Structure formats: structure tokens, C-alpha cells
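Open the model in your viewer and keep the selection panel handy. We'll hop from one stop to the next, and at each one I'll tell you what to pick and what you'll find.

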Amino acid sequence: MARTHPYNKVMLGAILTVCLLTVAFLYVYWVYPLPGDWNDTVLNFSFTFAATIAAWIATLISRYFKQGEPPRRVWMNLALGLWGWALAELIWAILALFQEVPNTSWADIPWLGAYYFFATAFIEQFRLIAHPTPAHEHKWLSIALGVVILGAALVTLVVRAMADTGQTWLDTYVSIFYVFADMTLAMAALKIARTFGNGLLGRAWIGLLIFAISDLIYSALLITGLYAQSAKSNSVLSMFADATYFDAYLITALTLLTNYILYRYGPKPIPASAFGDPSLEPLEPGKVSHTDR
Amino acid sequence: MIEFFSRAQANIARGSLSSLRDLLEGFRQQQVNGVVEISFEQREWIDLLLLNGETVGAYHLTDRSSNTIAVSNPEQWWQGESATIRTLNLPTNALRIISMACEWHPPAQSLLIQSSGLPGVLRVFLENKTSGLLHVIDSAGELAVPLMDGYPVAGEAVYSAAQMTSGRQALERGLQPASNNCTVRLYEARPGTTSFKQLVLRQVVAEMTGNVLTRYNRIVGSNLLRVMGNEMNQVLRYNRLQMQFVGEQFDNSHIFRSMDEATRSYNVLFRALYMHMTQVIGGGLAGKLQKEAYHNLNPRSQVAIDAQSILNTAHW
């Protein structure tokens, strides 16, 4: 009997797990069931956990390529970027054990550094699917960098001029930088996903779109002073921002999982009989062809 | 007589039309691939090409001519006298060579040269952009390889010595004659013949699939390329096509009875390729890969593939 393709089964299980984890996250955030600071600690480390899952799946995918294979560069860089974020989440969670973490902290180094790897992954992927000329590539890279660095600076000026954020210039700039960087990645991800169309390889990039939304909410709350680091504050907005952020990692892990299954098991097989041309005298099912070698 | 693969193990016997009928019936039951050569006294021959036991080609040959004859009425070309019947089991690659030789018979050139002069002869063919079938015979073995615009088609080369080899290895072996002298024969290609049209189409399809597979491999990696190859090979087996995907290469040793059958088969192949790639990289990119591969072909190959309804350009 033919083995059924595990895609539907695995993905259903994974989606249910993501739903359960989200419910558990919201439960801890809102009900605060654990003693003392344990609730915040669990919530903070849950980001590390989710980021690690995403990074781990990306790493597993990268292991399906031999040294020197072009897609390996895409997946290695994507995995390194996600590991950068996982490390950042870990540093942030550890810092949060001892103090209220400042808006700009040591955690921002791997957070920002990860964008280098993401950008490299995107560039490598574009090179493979679109064959851009060096001039074309240079142009779009310059536009993207310009938009992220200068756009974030411009919006920082505007925000600082309009309101007293209570933040340092660096804090405001870094918060806004994340939004611009995520938006740029999201647009690049959208472009890649659209190029792949209905192909399974496009799905992995969709997860990164969610970060643009979650970081936008987070930065807006941070700049306006509405973000509360502790779940104790009972801030619905903070809970929404944190849950979106938590789910961004999990959705990224889910979309990566679709590609892991693809590399592990291949796409769902199309039966050979779907391509049977009666004029070519196709084999009857179960018979061995004389052309078998 | 075509005189190909003289070192291959052959059965030679004298017989009549009725013994030929018995022989062919036996080959049909055993689904034999090979050739039956019937030599008559008056320097004329009949060559029958067998594919899976079925006669797919029949040629009446003399020193100066070659004509296709009807298989169904052997009485028309064999009237009574006994003749020498030489039967030879051959792989399909070798069978294709015989088919070309029969259709392009007699040889346009036949030279006895020093082996050291072989590169020079090949250079002349290259300069003249010769298309045809090159047959090199020396004391150790014989090489048969089609030429397209002067270039040997390595994938279709057959070298026959104690054993028969095919492909690039056969070409390399055959171009290093073991003895001082060798005979070089050239059967010039006749563009109107089925074997030439199919040779051109095979080359174009091989080049086109090679281009697609190389690009697909770069995007998805060797793991998913192998998965696609396996699925494509199932489709090919299902349709009883003697072709297979090996990495980025497409091996094709199938013999088609007609151009129509070839067109339908290659159409199935490209449709299956497109469908599989669509699942992984999406329809837009899969179509783009085929379009790129098409545009990378030289204009003559584009014309050859356009002449058949092989590609579904609606995907582009």
C-alpha cells in the first residue's frame, strides 16, 4: 500500500500546538497563575523558546544541502538570522531576571546583527530566482538600505519633534529602525513569496511578514510609553503586542516547517497515471514495465 | 550490408521466408531488441529493426541505395530463394544507430586512414558542420556516433568491442584507435528522414531539460532535484518510455515509431515536469524556467521544438 504523505497530519498537529501555546501564553499573561515573578520569567523565556524552534527548523532545512549548493547559502543565512534573534531573546530574558530592561540593551546587538544575515538570505534567494544584474542588485540594495537607515532617522526626528517620548534619541531611533527593517524584510519576503506563487518554497518567507506587524505594534507602544514590561500591569495592549510577537515566531516556525516537510518527504506525489497518454499504451497498475532498468 | 557491430555476438544461419517468420515470432514473444539482416545472393540486403519484438523498421539496401519497405508483406521482397539471416540482439542506443545507418545508406565517404589522422578528419567535419553518422573501425572495436553540425553527440555514441558501451565513455574509447590504421565512414544525414528528425528532437529535448534541471537544481538543491527525478522516472516508466532522469541529466534511449508518438511523449514529459515544479516553486517560476531554457536554445533548436506541439507556452 502506498504511504500517505505526512504533510497534512504534521501540519495539523503543528497548528494545534501553536494554538495551545498561544492560549497558554495568554493564560499566563492574564491570569498570572504562577507564584511571584515566575509568570514574567516564563513569558520572557517563552520568546526564547519560540525563536529557538524557528531557528532550529531553519537549521534542519539548511542541513539538506551539500556544501557549495546555492540554496544552502539562503538557508544558512536565514537560520543564522533566526539564531541571532533567539540569542537576543535569551539575553533579554536573562537581563529581565535582574532588572527592568532598558529600551536599548545588549540584546539589541544580536537583534540588529541578525538583519545582516536576513538581508544576505534574501539577496541570495533573489539571485537564484530572479537572476538580477549586479547593477539591478546594487540599485535595490541601496534603496532598501537608504529607506531603512534614513527613513528611520527621519521618522525619529518627526516623532521627537511631535512628542516627548521619554526616551533617549538612540532608544527612539532603534525602536523605529526595527519597524523600518522589518517592513523592508516584509516587502522582500512578499516579493519572494509572490515569485514562488503557489509553490511550497514560498511559504517559509511569509512568516517574516508577521514580524513587521508585531514590531510595529511593539514600537508604537514603546514610543508612546504604553508598553508595560511586566504582565502584572494588566495592559491589554501590551498583552496583544507580546502575543503577536510570540506568534510571529511560532508562525515563522510553522511556515518553515512546511519547507522542512518538503525537503524531508518531497512534495505530495502526483500519481504517474495523471500523465498517462492512452496513445502511449501506459502500464496497467501493478505491472512492471519492460523499460524498467 | 550495413556491417555495424561486427564484433557483437550474432547468430548466422541460412533460411527461407518461413524460417524468418518463425524467427520473428520467437523474437516477438521474447520482446527482443535487435536487428535481423537478410543477405541475398545479388548483393542486396533486408534489414529489420526490432523493438520489444515488434518490427519498427524495414529497409531494402543495395550498394547504392536504401529504401523503406513494408513489413507486412515479406513476399514482396523475398521470393523463394534461401538467404543468410544474421540476427543480433542490441540495446536501443545501438538500434538507433542502425536505423540512422539504414536511412542514410550508402556512406558518403569511406576512408582508410592512419589512426593519427583521425583528429584531422574530425576537424574537417567540424569545419564543414557535417551532420551524419560517423563509423570508425579498427582492429580492437568500432565506434558509431552521430554528428550534429560537426560535433559528436556523445550521449548517443556506441562502442562495440568484446563488450558494448555507450555514451561519453564509448566516444572517448572509440576516438583512441588501438591499431595504426582505421576505417572511417560517414553516412551523411538526410534531413527529411525520421531518424534525423528524431535525432534533432532528442538533442533539443535533452538540452532543454538539461537547462531546466540545472536552474531547478540551483533553486531547490540536489535533494529536491532527486525527488523530482524519481517522480519523473515513474511517469516515464508508466508510459513505457525508455528515458530517465539522473541528476541534471536526461537519458533518452527510446525509439519512437513515429514523430507523432515522439511529440506526444515529450509533451507528457514537459507537462509532468511543469506540474511537479509548480508544487515546489510555483507555476510562475516553473513556467519562467521553461521559458528561459527555451530562449537558451539556439534558433535552429527553437525551430525544431516549435515544429512539434511539445511545450505548453500558455504557462509562460
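One term before we start: buried means under 20% relative accessible area, exposed means over 50%, and partly exposed is in between (1.4 Å probe, protein chains only). This is a predicted model, where local features need pLDDT of at least 70 and side-chain atom pairs count only at pLDDT 80 or more, while totals for chains, interfaces and linings use all residues. Residues are numbered from 1 along each chain as its sequence is written, chains are lettered from A and ligands numbered from 1 in the order in which they are written, and side-chain values use heavy atoms, with hydrogens and water left out.

**Stop 1: a salt bridge in chain A**

Select A:R73 and A:E124. Their side chains meet in a salt bridge at 3.2 Å, N to O; the rule asks for a side-chain nitrogen of Lys or Arg within 4 Å of a carboxyl oxygen of Asp or Glu. A:E124 sits in helix 4 (residues 108-130) of chain A and A:R73 in helix 3 (residues 70-98) of chain A, so the pair ties together parts 51 residues apart in sequence. Helices here are DSSP runs of H or I with at least four residues, strands are runs of E with at least two, and both are numbered from the N terminus.

Buried or partly exposed: which is A:R73? With a relative accessible area of 37%, A:R73 is partly exposed, whereas A:E124 is buried at 11%. Now add A:R127 and A:E137 to the selection: A:R73, A:E124, A:R127 and A:E137 are linked in a network of salt bridges.

**Stop 2: two pairs in chain B**

Pick B:E37 and B:R86, whose side chains form a salt bridge at 2.8 Å, N to O. B:E37 is in strand 2 (residues 34-39) of chain B and B:R86 in strand 6 (residues 83-89) of chain B, 49 residues apart. Both B:E37 and B:R86 are buried.

Next, try B:R202 and B:E156, with their closest N and O atoms 2.5 Å apart in a salt bridge. B:R202 belongs to helix 5 of chain B, and B:E156 to the loop between strand 10 (151-152) and strand 11 (158-160) of chain B, so this pair ties together parts 46 residues apart in sequence. B:R202 and B:E156 are buried as well. Over all chains, the count comes to 12 salt bridges.

**Stop 3: B:H60**

Jump to B:H60, in strand 4 (residues 54-62) of chain B. B:H60 counts as buried because its relative accessibility is 19%. Show the side chain of B:E44 too: a polar contact of 2.5 Å joins it to that of B:H60. (A polar contact is a pair of N or O atoms within 3.5 Å; within protein, one must be able to donate a hydrogen and the other to accept it, and residues adjacent in sequence count only if both atoms are side-chain atoms.)

**Stop 4: where the chains meet**

Finally, colour by chain. The contact (heavy atoms within 4.5 Å) takes 41 residues from chain B and 39 residues from chain A. How many salt bridges does the rule find across the interface of chain B and chain A? Zero, but it does find 15 residue pairs in polar contact there, both at pLDDT 80 or more. Highlight helix 7 (259-281) of chain B, one of the elements giving two or more residues to that side; helix 7 of chain B gives the most, with 12 residues.
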